[in-house]
Amino acid sequence: MSDKKIIAIVGATGAQGGGLARAILSDSDSEFAVRALTRNPDSDAARALADAGAEVVQADLSDVDSLRKAFAGAYGAFCLTNFWEHFSPDTEQAQARNLATAAADAGLQHVIWSTLEDTRKRVPLDDDRMPTLQERFKVPHFDAKGEADAYFADAGVPTTYLLTAFYWDNLIHFGMHPQRDEDGRLVLSLPMEDARLSGIAAEDIGKCAYGVFQAGDEYVGRYVGIAGGHLTGQEMADALSDALGEPVAYHAVPFDVYRGLGFPGADDLGNMFQYYCEFEAEFVDARPVDRSRALNPELQSFEGWLEANADRLPIDGK
């Protein structure tokens, strides 16, 4: 392992980082080695990575010194933050600044920063087409990451800015799966009107990141958008119908209705879906499937993802 380039992976026990760690560890010819960063090295997920050949180290995104130690001696790092752990854009930006600072101090040669668009560049705060949230944001979990892009650039870190997409895994874990109406019929409810939703399997984000690292410095200083497919709500419902073996209808939820559903983050997600719709072309065009597949030849389509995961959807009566 000592002759391989070490990639320090933030969130290695999670969806994106875990996908990258497994992609490297499963490639016996890889030029890279995995250093898995986690707050809890004794977790089952961390132990599984260690058993697979990863070096597991403790680090906390809110502790810049722990990040400096974790990045020391590494070639590169995969960096991300998780808004949904705390729902605080200020916390997310503080953690991103710590990552950029530690990466610069460690002299890393290539960092991938998992980011999203700052929606305020297209929807200013005084634009009332969607509400302003927390006084400073339109889509907090987008805008905080997009604003944090500058931390890496200003710190002089050689960075690839990886623009991710909607996780199809949200249909399993985030309550977005088809649900039965009062007549027992399955309905996929999304506030997407008739626009296309750029989506990807969470595992494939890490695999695409591996392709970026394999390309050397080709993507340093560039934005790289990735997606496994761009489907309308109706197309998603049709694919779900085929995978589940029963009809799934599509219901386009109004944005204001979705924002008012009351679950944590509903207003943020309602604005996100409205942004997807109003800037469909820009969002989709930034995430070409052919380039994503070039980075990750195993890239899954939505239909392929459903073939492997339909039985994991928490649907009543299945």
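A helix here is a DSSP run of H or I at least four residues long, numbered from the N terminus. By that count, helix α9 covers residues 255-259 of this predicted model, and R259 and D256 both sit in it, three residues apart, or about one turn of the helix. Their side chains meet in a salt bridge, 2.6 Å from N to O. The two ends of that bridge have quite unlike surroundings: R259 is buried, at 13% relative accessible area, while D256 is exposed, at 61%.

Elsewhere, salt bridges with shared partners tie D118, R120, D143 and E147 into one network. Searching the whole structure turns up 21 salt bridges. Here are three of them.

| Pair | Closest N and O atoms |
|---|---|
| E203 and R22 | 2.6 Å |
| E298 and K207 | 3.0 Å |
| R259 and D256 | 2.6 Å |

The E203 and R22 bridge spans 181 residues of chain, linking helix α7 (residues 202-214) to helix α1 (residues 15-25). E203 is partly exposed at 25% relative accessibility, and so is R22, at 39%.

For E298 and K207, the separation is 91 residues: E298 is in the loop between α12 and α13, and K207 is in helix α7. E298 counts as exposed, with 54% relative accessibility.

Now for helix packing. Helix α8 (residues 233-244) packs on helix α13 (residues 302-309) at about 35 degrees, with the axes 10 Å apart, and the crossing is right-handed. On the α8 side the contact uses M236, A239, L240 and A243; α13 brings F302, E303 and L306. That contact has six nonpolar residues, one charged and no polar ones.

Conventions:
Residues are numbered from 1 along each chain as its sequence is written. This is a predicted model: local features need pLDDT of at least 70, side-chain atom pairs count only at pLDDT 80 or more; totals for chains, interfaces and linings use all residues. Side-chain values use heavy atoms; hydrogens and water are left out. Axes are lines fitted to C-alpha atoms, for helices over the stretch in contact, and angles run from 0 to 180 degrees between N-to-C directions. Helices (H or I, at least four residues) and strands (E, at least two) are DSSP runs, numbered from the N terminus. A crossing is left-handed if the near helix is turned anticlockwise from the far one by less than a right angle, and right-handed if clockwise. Contact means heavy atoms within 4.5 Å. Ala, Val, Leu, Ile, Met, Phe, Trp, Tyr, Cys and Pro count as nonpolar, Asp, Glu, Lys and Arg as charged, and the others, Gly among them, as polar. A salt bridge is a side-chain nitrogen of Lys or Arg within 4 Å of a carboxyl oxygen of Asp or Glu. Buried means under 20% relative accessible area, exposed over 50%, partly exposed in between (1.4 Å probe, protein chains only).
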